[in-house]
Amino acid sequence: MRVALREAEKGRGRTSPNPVVGAVVARGGRVIASGHHERAGLPHAEINALDAAGARARGADLFVTLEPCDHFGRTPPCTRRIIASGVKRVLVGTIDPNHRVCGRGIRRLRGAGLEVHVGVEQAACAAANEGWAKFITTGIPWVVLKVAATLDGRLATRSGDSRWVTGVQARALVHRWRNELDAVLVGIGTVLADDPRLTARGRGHRDPIRVVVGSRRRVPPRARVLPALIASTAAGSDLRCRSRGGDVDLRDLLKRLGARGIASVLVEGGSRIHGSFLKTGLWDELRLFVAPKVLGEPGLTWASFAAPAKMAGALAVGRLRVEMVGKDLLVRARRV
């Protein structure tokens, strides 16, 4: 199953709005063939692994990170092909939370006389599609807040200069994240201050869908972020959203992004956007780079929202993980 998990990662950033899935055909603990889901509309991981195995699949074991589908979508049901292949056992990492599957594939295989085991490397298999599971069950994308700040929590100098807060290795990792997530989102203030491209520069990378929160009239016609989806409360916006306190209702925005098949969003700022996501609780994961630098006052803080009167009212985060990326510290946290 660990081989299947490594296979699944080969599709990361390419399969949306489908999950990443890997499969392995094995006999006696030896891998015969493997495959992964490459892109929505193309064959699923099980089919690719069985195609590679051919006649050697008969009597073998099939390991798959996610429950095989049992319905017609862009492709036929995987269960039919698995049954016809002659495999003896199917070992599944985790049940598919999609209401169109959710146990149906398991029942179909068992009904055909196959031996099926569920829960092999379950935690790792579930983690591989954590963001997709949220999207497929709620229609709301997985939201990642990405921040690069100094030791004293500043995004930029008093003049607005922010190039560069972090080092080369950290910036390269951000490009990889853009390649892996469906969309990248910023506020109009970031567009005006930094004129970012928000592309995924790197070998084999693909660019995410770019989303700008703010009036279309304020986006410069030659802004490097274009073409982008413009989200505002005004008529004529690509994503016309409800108003909340005079600003874009972020929950409504996320629903509209989800309706377009966008399963994950990387929020890159600025401070008001980050603050709004934090205060409304509409985020799932924080990835905060802390650079070994100190700016002092009046540098721009990375999370702009009204502070509580007492420390007991501070926003709590959980599941902290810390690692070094070059000379910068990367802190990962989850919403409590």
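Where is the place of Arg 319? I started my notes with that one, keeping in mind that this is a predicted model. Arg 319 turns out to sit in strand 17.

**Entry 1: odd backbone angles**

I pulled up Arg 319 for its phi, which is near 50°, a positive value in a residue other than glycine. Most residues other than glycine have a negative phi, and most peptide bonds are trans. I also checked how covered Arg 319 is: its relative accessibility is 59%, so it counts as exposed, the cut-off being over 50%.

Next I looked at Cys 102, another non-glycine with a positive phi, here about 40°. I found Cys 102 in the loop between strand 4 and helix 4. Is Cys 102 buried, exposed or partly exposed? Its relative accessible area is 41%, which makes Cys 102 partly exposed.

**Entry 2: cis peptides**

I went through the omegas and noted a cis peptide bond between Leu 226 and Pro 227, with omega about 0°. Pro 227 belongs to the loop between strand 9 and strand 10 (229-232).

Then I noted a cis bond that has no proline in it: Gly 269 and Gly 270 are joined this way, with omega about 10°. I placed Gly 270 in the loop between strand 14 and helix 10.

**Entry 3: the sheet of nine strands**

Since strand 17 and strand 14 had both come up, I traced their sheet. What is the order of its nine strands? I read 11-10-9-8-14-6-15-18-17, an open sheet with mixed pairing. Strand 11 (239-240) and strand 17 (317-325) are the edge strands, and each of them pairs on one side only.

I followed strand 17 to its partner, strand 18 (residues 328-335): the two run antiparallel and are joined by seven bridges. One bridge I looked up there pairs Val 325 with Asp 328 of strand 18.

Helix 7 (residues 168-180) packs on this sheet and touches strand 6 (142-150), strand 14 (264-267), strand 15 (285-291), strand 17 and strand 18. I got about 160° between the direction of helix 7 and that of strand 15. Helix 10 (residues 271-280) packs on the sheet too, touching strand 6, strand 8 (183-187), strand 9 (209-213) and strand 14. For helix 10 I noted an angle of about 130° with the direction of strand 6.

**Entry 4: the sheet of five strands**

I turned to the other end of the numbering that interested me, where five strands make an open sheet in the order 2-1-3-4-5, with mixed pairing. Why is one side of strand 2 (30-36) and of strand 5 (115-118) left without a neighbour in the sheet? Both stand at the edges with a single partner strand each, so one side of each has no neighbour. From one strand to the next I noted an average twist of 20°.

Strand 4 (residues 89-94) pairs with strand 5 in the parallel sense over four bridges. Arg 89 has Glu 115 in strand 5 as its bridge partner. Helix 1 (residues 2-9) packs on the sheet, touching strand 1 (22-27), strand 2 and strand 3 (61-66), and its direction makes about 145° with that of strand 1. Helix 2 (residues 45-53) also packs there, touching strand 1, strand 2 and strand 3, at about 135° to the direction of strand 2.

On its strand 3 side, strand 4 pairs in the parallel sense over five bridges. Leu 62 stands opposite Val 90 in strand 4. I checked the burial of strand 4 as well: it is mostly covered, with five of its six residues buried.

**Entry 5: after strand 4**

I stepped into the loop between strand 4 and helix 4 and picked out Asn 98. Its relative accessibility of 12% is under the 20% cut-off, so Asn 98 counts as buried. What is Asn 98 in contact with, leaving aside its neighbours within four places in sequence? I found Trp 132 and Ile 136.

**Entry 6: helix 3 against helix 4**

I finished with the axes of helix 3 (residues 78-85) and helix 4 (residues 104-111), which come within 10 Å and cross at roughly 25°. The two helices are therefore roughly parallel to each other. The crossing is right-handed.

At the contact, Thr 79, Ile 82 and Ile 83 of helix 3 meet Gly 105, Arg 108 and Leu 109 of helix 4. I sorted these residues as three nonpolar, two polar and one charged.

Technical notes. Residues numbered from 1 in each chain as written. Predicted model: local features only at pLDDT ≥ 70, side-chain atom pairs only at ≥ 80, totals over all residues. Heavy atoms only, no water. Pairing = 2+ DSSP bridges. Axes fitted to C-alpha atoms, helices over the stretch in contact; angles between N-to-C directions. Contact = heavy atoms within 4.5 Å. Parallel < 35°, antiparallel > 145°, perpendicular 65-115°, else oblique. Left-handed = near helix turned anticlockwise from the far one by under 90°. Nonpolar A, V, L, I, M, F, W, Y, C, P; charged D, E, K, R; others polar. Buried < 20%, exposed > 50% of the residue type's maximum accessible area, 1.4 Å probe, protein only.
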